[in-house]
Amino acid sequence: MTSLRILTLPLATLVSALIVRIVFVVVYHRRNRRNSVGFFHPYTNDGGGGERVLWCAVKAVQEELPDLECVVYTGDHDASPESLSARAIDRFGVKLIRPPKVVHLYKRKWVEETTYPRFTMIGQSLGSVYLSWEALCTFTPLYYIDTSGYAFTYPVAWIFGCKVICYTHYPTISLDMLSRVHARSSMYNNDTLIAKSAFFSQCKVIYYKLFSLMYGIVGSHAHIAMVNSSWTQSHIQKLWGIPDRIKRVYPPCDTSGLQMLPLERSMEPIKIISVAQFRPEKAHLLQLEAFAAAIKNLDADLPRPKLQFVGSCRNEADEKRLQYLKGRAKELKLDNDVEFHKNVTYSELVSLLGGAAAGLHSMVDEHFGISVVEYMAAGAIPIAHNSAGPRMDIVLPEDGKQTGFLARTLEEYADAIIRFIRMPASERLEMAAAARKRASQFSEQRFYEDFKSAVRPIMSNTTR
């Protein structure tokens with residue numbers, strides 16, 4: 001009977017009741033904010049550079065403002081303060097001053113790709129609004145720090161009275177994405193069916209333009225926006241329109257630990273490493289086929305190299321991608337030349353990097369490229385994609401000396417691999433030393449200093 005009455009109520013009455021309820025909830029939680037910092041990071045087990053930023057950011061806040069409680073919002077239901085602290089050490093070598101408080105999120109499916117087969121970008125963005133509502137209703141901090149790139153959550157945190165701080169690894173949409181759709185280029189984020197159709201491409205351009213407008217509005221709610229590279233900074237400045245609130249803070253790379261590895265290493269066989277999650281944009285297949293092409297064109301008197309894929313799998317799709325790579329390696333008759341290392345610990349990663357003479361990277365427009373810095377710090381010469389972070393910030397000359405190779409096409413990668421193998425030992429060591437020196441600019445200590453400097457004006461006053 002009650003349900004029947006609700007159905008007969010005018011729509012305006014229902015909307016008014018909903019607004020009143022929302023206002024009541026917001027006012028209640030604004031009054032009950034905790035003297036704490038909330039880190040919005042729904043996936044605390046992704047194993048990538050974003051997770052390293054999370055733990056280093058938590059440690060930076062704990063060092064700068066020890067009286068503030070640090071809270072991590074996570075959708076990983078088995079996460080506990082102790083397990084997350086242990087994970088920070090085991091996977092990234094980051095020792096927190098004390099375990100963070102954990103707030104579990106039960107609506108994470110609303111930000112998962114599989115929930116939105118079409119219009120994924122807008123679906124995940126709107127889903128993040130719902131997820132942040134759950135997070136902030138459960139626990140409302142004074143400071144809200146997003147370390148995962150969910151910009152649509154910023155107005156929600158702002159409404160709840162939080163100071164909004166974000167660390168943006170890459171823009172959800174970029175001008176480069178728009179230009180690719182305009183040019184009808186087929187990529188992992190532009191379906192071939194759409195790329196082949198002028199009509200569908202034009203529709204997608206309109207969709208992207210509308211989304212970029214919305215993205216700019218929500219992003220402008222950040223009180224401080226940290227970005228991880230020159231490339232990301234240029235895009236965020238254009239999209240969000242808050243240049244005075246944007247600070248470039250290079251991500252933390254374990255350069256100090258990796259620089260302890262000896263530059264000289266065994267070349268029997270020559271090991272080439274590839275460190276990246278098994279995601280489509282990382283373009284592992286390009287690396288594998290370029291490696292096959294290099295071996296095919298290798299001089300008979302040159303040593304045969306070994307390729308080591310090292311990465312984590314976030315979900316079933318990543319697992320299938322890994323299995324496909326293994327199958328493709330067999331088809332290319334590279335069974336004895338390619339290794340796959342999944343979900344390795346930090347100590348295992350360091351050991352693998354210590355044995356590698358070169359490192360592959362092939363993501364188009366990688367916002368920064370932590371793996372490239374890790375290669376350089378470890379003494380492995382990078383062969384990276386000639387775009388965005390690697391080109392603009394990382395693989396640059398040091399003291400006039402070359403620090404690595406940049407490539408775009410399969411042929412360019414294969415050529416770089418062959419050129420690297422042909423290098424005399426002395427030349428290889430000289431380039432590795434220059435690369436290691438260059439990598440020192442992206443140290444974990446530099447991140448702590450720059451992060452604290454960026455948030456200090458906002459977080460210096462911890463009163464309500």
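Leaving aside its neighbours within four places in sequence, which residues is Thr153 in contact with? I would like to start there, keeping in mind that what we have in front of us is a predicted model. Thr153 is found in the loop between strand S4 (141-146) and helix H6 (154-159), and, with those sequence neighbours set aside, its contacts are Phe40, Ser128, Val129, Ser132 and Tyr144. With a relative accessible area of 0%, Thr153 is buried, because buried means under 20%.

Two of those contacts lead us to the core. The largest nonpolar core has 39 residues, and those touching the most other members are Phe40, Tyr73, Leu136, Tyr144, Tyr154, Tyr215 and Trp240. At least two residues of this core come from each of strand S2 (69-74), helix H5 (120-138), H6, strand S5 (163-168), helix H9 (198-219), strand S6 (224-227) and helix H10 (230-240). In soluble globular proteins, nonpolar side chains tend to be buried together. If we look at Tyr154 and again leave aside neighbours within four places in sequence, its contacts include Tyr144, Val164, Cys166, Val218 and Trp240, and also Asp146 and His221.

Let me move further along the chain, to Gln308, which has its place in strand S9 (residues 306-311). Gln308 counts as buried because its relative accessibility is 3%. Gln308 and His341 are 33 residues apart in sequence, yet their C-alpha atoms are 7.3 Å apart in space, and His341 is among the contacts of Gln308, together with Lys271, Ile272, Ile273, Ser274, Glu339 and Leu352.

Next come two helices. Nine of the nine residues of helix H15 (residues 370-378) are buried, so H15 is largely enclosed by the rest of the structure; among these buried residues are Ser371 and Glu374 as well as Val372 and Val373. After H15 comes Gly379, with a positive phi near 100°.

Helix H17 (residues 410-422) has 13 residues, which at 1.5 Å a residue should span 18 Å, and its end C-alpha atoms are indeed 18 Å apart. In H17 the buried residues are Tyr413, Ala414, Ala416, Ile417, Ile418, Phe420 and Ile421, and they pack against several elements, including strand S8 (271-275), helix H12 (284-296) and helix H18 (425-439).

Finally, let us turn to the surface, where Ile19, Val23 and Val27 make a nonpolar patch of about 230 Å². Ile19 is found in helix H2 (residues 11-31), and Ile19 counts as partly exposed because its relative accessibility is 48%. An α-helix has 3.6 residues a turn, so residues three or four places apart point the same way.

Definitions and conventions:
Residues numbered from 1 in each chain as written. Predicted model: local features only at pLDDT ≥ 70, side-chain atom pairs only at ≥ 80, totals over all residues. Heavy atoms only, no water. Patch = residues over 30% accessible without salt bridge, like charges linked within 9 Å, V, L, I, M, F, W, Y side chains within 5 Å. Areas by Shrake-Rupley, 256 points an atom, 1.4 Å probe, with all protein chains shown as cover. Salt bridge = Lys/Arg side-chain N within 4 Å of Asp/Glu carboxyl O. Helix = DSSP H or I, 4+ residues; strand = E, 2+ residues; numbered from the N terminus. Buried < 20%, exposed > 50% of the residue type's maximum accessible area, 1.4 Å probe, protein only. Expected span 1.5 Å × (residues − 1). Contact = heavy atoms within 4.5 Å. Core = buried A, V, L, I, M, F, W, Y, C linked by side-chain atoms within 4.5 Å.
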